[in-house]
Amino acid sequence: MTLAPDYEELARLAFAYLERQVWFQSAIDASSRAQLELVTSRTLRSSLPGLARLVIGRGEQRFQVLVGWREPAELAEVLHGRESALLGPVFDGGEPVLAYDAIADDELLLELLVHVTGGREHASRVRRVSSLVSHASLVYDERLFMKCYRVLERAARPEVEVLLRLDKVGFNALLAPVANWREDGLDLALVREFLPSALEGRLLALTSLRDLLAHASSGEDGRAHEPGADHGSPPPGTDPDAECAAAGGDLASEMRRLGATTASLHLALATAFGDRPAGVSTFAGAQSAVAAAGAPGAAQLSAQLAAVDPASAGRTIRLHGDYHLRRVMRSEVGWLVAGFSDDPLYAASDGSSPGRRGSAVEDLADMCFSIHRVAQEALVQRPDAEAAVATVLARAWARRNQAAFLEGYVTTDGVRRLLPRDPSVTELLLAAFEVARELRYEATSADA
Amino acid sequence: MDSPIEPAEVTAYPHGWHELDDDPRWYERAVFYELVPRSFYDANGDGIGDIRGIVEKLDYLAWLGVDCLWLLPFYPSPMRDGGYDVADYWSVAPDCGTVDDVRLLVAEAHRRGIRIIADLVINHTSDQHPWFLESRSSRDNPKADWYVWGDDDQRWSDIRVIFCDAEPSNWTFDPVRQQYYWHRFFHHQPDLNYENPDVRAAILAVVRFWLDLGIDGFRLDAAAYLYQRDGSSGENLPETHAFLQQMRKEIDRDYPNRMLLAEVNQWPADVVDYFGDGDECHMCFHFPLMPRMFMAVRREQRFPITEILAQTPPIPDGCQWGIFLRNHDELTLEMVTDEERDYMYAEYARDPRMRRNLGIRRRLAPLVDNDRGVSELLHALLLSLPGSPVLYYGDELQMGDNIYLGDRDGVRTPMQWTPDRNGGFSRADFAQLVLPPLMDPVYGYQAVNVEAGTRDRSSFLHWLQRTLAVRRQHPIFATGGIEVLPADNPSVLAYVRTGSDEEGERAVLCVSNLSRFAQAAELSLGRWEGARPVELVGRAQFPVIGPDAYVVTLGPHGFYWLDLEGRG
């Protein structure tokens, strides 16, 4: 049985469906919602169960709805637990069929993968993962990941653009793009590799910290540590840096590799998007942030920044822009960089602006701040009796791993050309960007 | 003339023997047990372990549940490298016994369902071997080209020196012949010249001699270094593979159910070449896996293991990896990065005496601070990862080592059988013993010995014996595929061994906690939704797998083997 869908009818059902979605209400104002119209439509599968792609919108705004339809008798099972995906009945001259959000239908999602990849990829299983409202996230056979966009962008999506261009210049420390579904000048879906065994860097960092803090606080090395009377001071006879280095869970080697991967990323971004001389504006934001910080040493740092000759401040490149331990993944093939996302929620969460240009030092400062933050996170819920020792060790851990990360970065061939010629200027910028990052964090209280 | 075979005196152990099965692929399912004959048991009271001593302990080994013994070299030797400096391929060192003793050992082992493989040193001989003595005597004697000679020490200068602690060069000047000879190992171990067809024929004749005696196969020592070529690393050359294939062909033709196990300390991608197309070696050791198991436990995260698994290519049908925790050599760190080596030294060998060449000369128990939980976890990994496990004598007792002994003797001290004199190893005077048995309060024979271990049903020895029995019941551990599962906790390593048997599809989930703290992990087991996992050791049923992530909680260094088909 086939259906030649009445797209106007489907669109009306889709409008009503969208009205019921909370995310949609926040994505478009009420007056525009009332004026939505069907922009384009396309049947992806006409035999039952049917599948069509609708793009609806108003003005510059565009939304994608994937609509499926089936006979009523079989739909109940398909939508079990996802009944809210139902759009309503449509008629094909004879018996009515029911239309619904196709994201709820495994069979149609498998069909969608074939369509999006031009028939190159087939899968036998699909699962939906919790996702941000701007898109649906789908995992196929635990090896492919599809982001099917609901909110469409007229301009090139930074996420898609960055992934495709980095892949093109041979940067392979990422989840490689497999297919980009683009029609009518709109990115509709992106398929990339999925490495289920890859883990966020933050989890590795917490594992390392757990080992260190337990090792030290329990006196497993044969030395029972008593918290120092002077809060924040290491106990007598303790060298926190040495303890960090001696801990079995020491992460420094991993951080060195992450630094090298970051350097490769920056070189690839420079190749893919070009690099330019730094200018005053490169660190103007950091300068004002430092000035506003009011912290001890801020005035001196601000004065030092003011004395920096922009011409000696290295190059600007397209940045990752949201670089921290949740955006890097450890996999069996090494570190992978993720989170080249243009999702508005990222920007809203901490004020970062993915995809912008700036000094490579900004990404480095973001990661160093993230290392510092995760060390703070590990201190949460430590017993008070251990707090003094644990705090000292966590600080030493952060110092050690920041240093390892930066060492891995600067010792990568070719990357120094992106940095200020004078290493002291790099350190200065690093400090300033870290202050700026910390202020952003404090303003939003986002996770590191 | 062979002497008559006398029945061996044996000690009764509670579990029975099993038949030697007529299976040409037995090695895929076997648990190997490596032992040093001179250190295992001294039957004749001269202070040195011998072949008859092994015969006397076969019932213990059958009880433990091993399927094949790997004997370190027992050939006549000046013993400057633990017998790997062979002076005569055709006989047994007098202190170890006789050829008839070997014949007896094979017969008695086979009666108990145990096979025997022998170390065969094919790359080099001792400098006391008659072949070398003749070769060095002049430049034109009949064996002048049986070794690799040169007028200077410059050729192949890019080839690495393996025993870098002891040897400055792979060449040594011979004052008799007034030439340099080539050696990849010690200078007293000249390399045979495999370009010479007479050498190849002689080695093949040695192989046939021992196979005729009933030996079930060989562990081929230093198999990667047989040939040299200008501009090469001198390792893994095509000519080497061609010779090994010739050896395999002759064995397959005339000696059914025998096998070759190659010692090739290389990366898996290079080692797989030694399987050929299933027409070269039956087994190869997987060297890089071993240090990474230790690294993973110390780091409390799985990536050292999963990384090397990801780098391990598939192997031809009928081939198998040999995997191990420790052996008679140092814990070799050749197949790790410099950074990883520094890490391993820092974590496992802070005392420089513990280090040797590019490795750590320590036994398992001291390496893990005598932590039984870690020992059990490491053995659980060993017995459940793809490959045939190779146990090292004494590790089943958690024996210690003596880092003050020279070379690798510290990990080759006498097996500890009883709390009696000399640990029950020998009736000889202490001063006569091949090596001093351990006598320290933690690892000494008074505390750690087979007698105590067998009496105490909660001992590590009993735990291992039971665990080996469980593994034997589930051949999927030996021959199944492996699929590493994602886990949201880096300290948890989870993989599924998959395959099929006469009852259909099988899947066993192996999940391990690499941390010394309790851990939880969510596993994606959607494919087995509806199945009720059954724990293989205690047969306890676990909650049914539902549509959501399956939560597993593990105690410190804990592990589970769960049958996902619910058949436990």
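Colleague: Leaving aside neighbours within four places in sequence, with which residues is Leu35(B) in contact?
Modeller: This is a predicted model, in which local features need pLDDT of at least 70, side-chain atom pairs count only at pLDDT 80 or more, and totals for chains, interfaces and linings use all residues. Residues are numbered from 1 along each chain as its sequence is written, while chains are lettered from A and ligands numbered from 1 in the order in which they are written. Two residues are in contact if their C-beta atoms, placed from the backbone, lie within 7 Å. With neighbours up to four places away in sequence set aside, the contacts of Leu35(B) are Phe40(B), Ile54(B), Leu69(B), Leu71(B) and Tyr393(B).

Colleague: Does Leu35(B) count as buried or exposed?
Modeller: Leu35(B) belongs to strand β1 (residues 32–35) of chain B; strands (E, at least two residues) and helices (H or I, at least four) are DSSP runs, numbered from the N terminus. A residue is buried if 20 or more other C-beta atoms, placed from the backbone, lie within 10 Å of its own, exposed if 12 or fewer, and partly exposed in between. Because Leu35(B) has 25 C-beta neighbours inside 10 Å, it counts as buried.

Colleague: How many helices and strands does chain B have, and what is its radius of gyration?
Modeller: The secondary structure of chain B comes to 16 helices and 21 strands. The globule rule (2.2 Å times the number of residues to the power 0.38, for a radius taken over C-alpha atoms) gives 24 Å for 568 residues, so chain B is as compact as a globular protein of that length. Its C-alpha atoms fill a box of roughly 80 × 55 × 50 Å along the principal axes, and its radius of gyration is 24 Å.

Colleague: What share of the residues of chain B count as buried?
Modeller: In chain A, buried residues make up 46% of the 448 residues. Of the 568 residues of chain B, the buried share is 54%.

Colleague: Which residues have the most contacts inside the largest nonpolar core?
Modeller: A nonpolar core is a set of buried Ala, Val, Leu, Ile, Met, Phe, Trp, Tyr and Cys residues joined through C-beta atoms within 7 Å. The largest has 161 residues, and those with the most contacts inside it are Leu69(B), Cys284(B), Met293(B), Ala494(B) and Val508(B).

Colleague: Which residues does Met293(B) touch, not counting those up to four places away in sequence?
Modeller: Met293(B) is one of the buried residues of α9(B). Since 11 of the 11 residues of α9(B) are buried, this helix is largely enclosed by the rest of the structure. Beyond its sequence neighbours, Met293(B) touches Ile305(B), Leu325(B), Leu378(B) and Leu381(B).

Colleague: How many residues of chain B are in contact with chain A, and which helices each supply at least two of them?
Modeller: The contact between the chains involves 16 residues of chain A and 18 residues of chain B. The chain B side divides into eight nonpolar, four polar and six charged residues, where Ala, Val, Leu, Ile, Met, Phe, Trp, Tyr, Cys and Pro count as nonpolar, Asp, Glu, Lys and Arg as charged, and the others, Gly among them, as polar. From 18 residues of chain B, at least two each are supplied by α9 (289–299), α10 (303–310) and α11 (338–348).

Colleague: In the open sheet β15-β16-β17-β21-β19 of chain B, which are the edge strands?
Modeller: Two strands pair if DSSP finds at least two bridges between them. Five strands form this sheet, with antiparallel pairing; the strands that pair on one side only are β15 (481–485) and β19 (534–535) of chain B.

Colleague: In β21(B), which residue is the bridge partner of Val508(B)?
Modeller: Strand β17 (residues 504–513) and strand β21 (residues 559–563) of chain B run antiparallel and are joined by five bridges. Within β21(B), the bridge partner of Val508(B) is Asp563(B).

Colleague: Which side chains of strand β20 of chain B point to the buried face?
Modeller: In a regular strand the side chains alternate between the two faces of the sheet. Strand β18 (residues 519–523) of chain B is joined to β20(B) by five bridges in the antiparallel sense, and Ala520(B) has Thr553(B) as its bridge partner. In β20 (residues 550–554), Val551(B) and Thr553(B) point to one face and are not buried, whereas those that point to the other and are buried are Tyr550(B), Val552(B) and Leu554(B).
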